[in-house]
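User: Could you teach me how to read a protein model, one feature at a time? I'd like to begin with what sits inside.

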Amino acid sequence: MTFADLGTYQATKPEDVKIWFKACEVSRFPKNGGACIKYKDKQIAVFNFTRIGKWYACQNLCPHKMEMVLSRGMIGEEGGNPKIACPLHKNTFSLETGENLNGNLEAIATYPVKIEDNFVYVGFSE
């Protein structure tokens, strides 16, 4: 992976969703943890945050180490803001905005998630 690969990931706001990608059954995702799905040329980390009853999705690519690892990171909260910690260097990112919460890295791309008929869908604008 190179820094040019970061351009593959563009955050999608809920109002900009054009495609809801049917990822997988809800039961295939760990509770309070993440899993990785693939959409086109993107690896997307999807998190089932059961402690707060919400789902999140973001790029799986760590913008610091350029490794596909964010789906294996630990999720938690900081000041009411759900976050993911990269398992390689512990930098944390908001699961709602993608903002780097403890450093000066670029924000990661985040994507809307919805659950319908026991399936997880991730929204994309392309």
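User: Which residues have the most contacts inside the largest nonpolar core?

Analyst: One thing up front: this is a predicted model. To spot a core, look for buried nonpolar residues joined through side-chain atoms within 4.5 Å. Here the largest one has 18 residues, and those with the most contacts inside it are Tyr9, Phe29, Ile44, Val46, Tyr111 and Val122.

User: And which elements give two or more residues to this core?

Analyst: Four strands do: E2 (33–39), E3 (42–49), E4 (54–59) and E10 (119–124). Apart from this core lies another, with 14 residues, including Ala45, Tyr56, Cys62 and Ile84.

User: Let's zoom in on one residue. What does Val46 touch?

Analyst: Skip anything up to four places away in sequence, and Val46 still touches Phe29, Gly33, Gly34, Ala35, Ile37, Trp55, Tyr56, Ala57, Val120 and Val122.

User: Is E3 largely enclosed or left open?

Analyst: Count its buried residues, meaning those under 20% relative accessible area. In E3, 7 of the 8 residues are buried, so this strand is largely enclosed by the rest of the structure.

User: How do I read strand pairing, and how many bridges join E2 and E3?

Analyst: Strands of a sheet pair through backbone hydrogen bonds, either parallel or antiparallel. E2 and E3 pair in the antiparallel sense over 7 bridges; for example, Ala35 has Val46 in E3 as its bridge partner. E3 also pairs with E4, again antiparallel, over 6 bridges, and there Phe49 is matched with Lys54 in E4.

User: What happens in the hairpins, where the chain goes from one strand to the next?

Analyst: Check how many residues lie between the strands, then look at phi. The hairpin of E2 and E3 has 2 residues between the strands, and Lys40 takes a positive phi near 50°. E3 and E4 form a hairpin with 4 residues between them, and Gly53 in that turn has a positive phi of about 70°.

User: Now the open sheet: in what order do its 3 strands come?

Analyst: The order is E5-E6-E7, with antiparallel pairing. On average, neighbouring strands of this sheet are turned by 35° against each other, ignoring direction. E6 (81–85) and E7 pair over 3 bridges, and Lys83 has Ser94 in E7 as its bridge partner.

User: Why is one side of E5 and of E7 left without a neighbour in the sheet?

Analyst: Because E5 (74–78) and E7 (92–94) stand at the edges, each with a single partner strand.

Terms used. Residues numbered from 1 in each chain as written. Predicted model: local features only at pLDDT ≥ 70, side-chain atom pairs only at ≥ 80, totals over all residues. Heavy atoms only, no water. Buried < 20%, exposed > 50% of the residue type's maximum accessible area, 1.4 Å probe, protein only. Contact = heavy atoms within 4.5 Å. Pairing = 2+ DSSP bridges. Axes fitted to C-alpha atoms, helices over the stretch in contact; angles between N-to-C directions.
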